[in-house]
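Please go through the side chains of this structure with me, moving from one local environment to the next and keeping the geometry in view.

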Amino acid sequence: MKQSIKNLRIKLLKFGKVIKTAKWQGKDNPPEFLELLHVSTFVPMSQTIEEMIKEADPMLPWANIHFEERVGGLPLNPPPSHRLWLRGNEEYMSGDKFSHSYPERFWSKNLHSGIRFPIGDLETLIHLLKDQPDTRQAYLPIYFPEDISAALIGERIPCTLGFHFIVRDGRLDLFYPMRSCDVIRHMHNDLYMANRLALYVKEQAKLEVKLGNIHFVATSLHCFTNDRYAIEKAIKCAE
């Protein structure tokens with residue numbers, strides 16, 4: 001994973017295109033971005049949390065605290081750990097809540113109703129894998145239909161589209177699509193969270209397999225153009 005993160009940062013620096021967007025996270029006239037489209041990589045997953053931390057170098061202690069919030073069973077919004085994240089995100093709150101939170105999306109069963117069937121959540125996905133370990137249907141959506149409407153009115157929406165788990169050949173693989181990923185602020189945390197989620201699902205579903213690969217896909221891999229120095233420094237630190 002360490003090498004994959006480094007390679008993606010190098011690709012963005014070498015092949016990224018400078019673009020200007022009208023908005024960013026609901027704000028008008030953001031700075032210019034360096035962007036690379038349709039990025040894909042296979043990342044071998046670590047088997048232990050200690051190895052995950054070594055490989056991904058997530059932002060601690062926030063990443064560990066927030067992961068427990070994601071899998072804790074409660075649709076927290078705001079998750080208390082947001083106070084540890086960078087400079088705080090209160091400016092993105094409407095009243096006392098964010099436009100979304102990952103704990104909400106993991107545990108949305110009691111927040112929404114389905115069109116024809118009950119809404120599922122992370123617990124439902126785990127039950128599905130317990131009952132049908134060879135299923136192709138174990139997908140946990142994070143991007144909801146309401147998010148396109150939220151985007152239209154300038155709200156922040158999830159960068160992660162979802163998590164697709166599949167067991168084959170004695171391994172649990174994970175397909176991890178993102179619509180948008182910041183290469184310096186978020187990518188290492190995102191991959192760490194995904195690896196930890198795969199381990200959590202494996203253990204909770206009692207799957208007698210090893211962790212396989214994350215197939216990571218990002219439609220837009222990017223950073224601000226003034227982040228070039230930070231990326232170059234991160235690449236050197238990974239050597």
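In this predicted model, a polar atom of the histidine 82 side chain lies 3.0 Å from the backbone oxygen of proline 79. Histidine 82 belongs to the loop between helix H3 (62-71) and H4, and it counts as buried because its relative accessibility is 6%, where the cut-off for burial is under 20%. A second histidine can be placed relative to it: histidine 66 is 16 residues away in sequence, and the C-alpha atoms of histidine 66 and histidine 82 are 8.0 Å apart.

The loop between H3 and H4 also holds proline 78, and the peptide bond that joins asparagine 77 to proline 78 is cis, with omega at about 5°. Another cis peptide bond runs from leucine 60 to proline 61, with omega near 5°, and proline 61 is found in the loop between helix H2 (49-56) and H3.

Asparagine 77 appears again in the surroundings of glutamate 104, a residue of helix H4 (residues 102-106). When neighbours within four places in sequence are left aside, glutamate 104 is in contact with Pro75, Leu76, Asn77 and Leu111. Which side chain of opposite charge is nearest to glutamate 104, and at what distance? It is that of arginine 105, 5.0 Å away, and glutamate 104 is thus buried yet without a salt bridge, given that a salt bridge requires a side-chain nitrogen of Lys or Arg within 4 Å of a carboxyl oxygen.

Arginine 105 itself lies over the face of phenylalanine 144, at 4.5 Å from the ring centre. A comparable description applies to arginine 70, whose charged end sits over the ring of tyrosine 102, 4.1 Å from the centre of that ring.

From charges over rings, we can turn to rings paired with rings. A pair of aromatic rings is described by the distance of the centres and the angle of the planes. The count of aromatic pairs in the model comes to 5. For phenylalanine 106 and phenylalanine 163, the ring centres are 6.1 Å apart and the planes stand at 75°, so this pair is edge-to-face, the cut-off for that class being an angle over 60 degrees. The pair links distant parts of the chain, since phenylalanine 106 is in helix H4 and phenylalanine 163 is in strand S6 (residues 162-168), 57 residues apart. Phenylalanine 106 is buried, with a relative accessible area of 1%, and phenylalanine 163 is likewise buried, with a relative accessible area of 1%.

Phenylalanine 163 also forms an aromatic pair with tyrosine 176, and here the arrangement is stacked, with 4.9 Å from centre to centre and 15° between the planes. Because phenylalanine 163 lies in strand S6 and tyrosine 176 in strand S7 (residues 171-182), this pair ties together parts that are 13 residues apart in sequence. Tyrosine 176 is buried as well, with a relative accessible area of 1%. Ring pairs link Phe106, Phe163, Tyr176 and Phe216 into a cluster.

Some residues with a greater degree of exposure to consider come next. Lysine 23 is found in strand S2 (residues 23-24) and counts as partly exposed, at 47% relative accessibility. Not counting residues up to four places away in sequence, lysine 23 touches Asp28 and Pro30. The C-alpha atoms of lysine 23 and histidine 164 are separated by 30 Å, and the two residues are 141 residues apart along the chain.

Finally, which backbone angle deserves attention at histidine 38? Although histidine 38 is not a glycine, it has a positive phi of about 55°. Histidine 38 has its place in strand S4 (residues 33-44) and counts as exposed, at 62% relative accessibility. Aspartate 57, also not a glycine, has a positive phi of about 50°. Aspartate 57 lies in the loop between H2 and H3, and because its relative accessibility is 57%, it counts as exposed.

Definitions and conventions
Residues numbered from 1 in each chain as written. Predicted model: local features only at pLDDT ≥ 70, side-chain atom pairs only at ≥ 80, totals over all residues. Heavy atoms only, no water. Helix = DSSP H or I, 4+ residues; strand = E, 2+ residues; numbered from the N terminus. Buried < 20%, exposed > 50% of the residue type's maximum accessible area, 1.4 Å probe, protein only. Lys, Arg positive; Asp, Glu negative; His and termini not counted. Contact = heavy atoms within 4.5 Å. Phe/Tyr/Trp six-rings, centres within 6.5 Å; stacked < 30°, edge-to-face > 60°. Lys NZ or Arg CZ within 6 Å of the ring centre and 35° of its normal. Polar contact = N/O pair within 3.5 Å; in protein donor to acceptor, adjacent residues only side chain to side chain.
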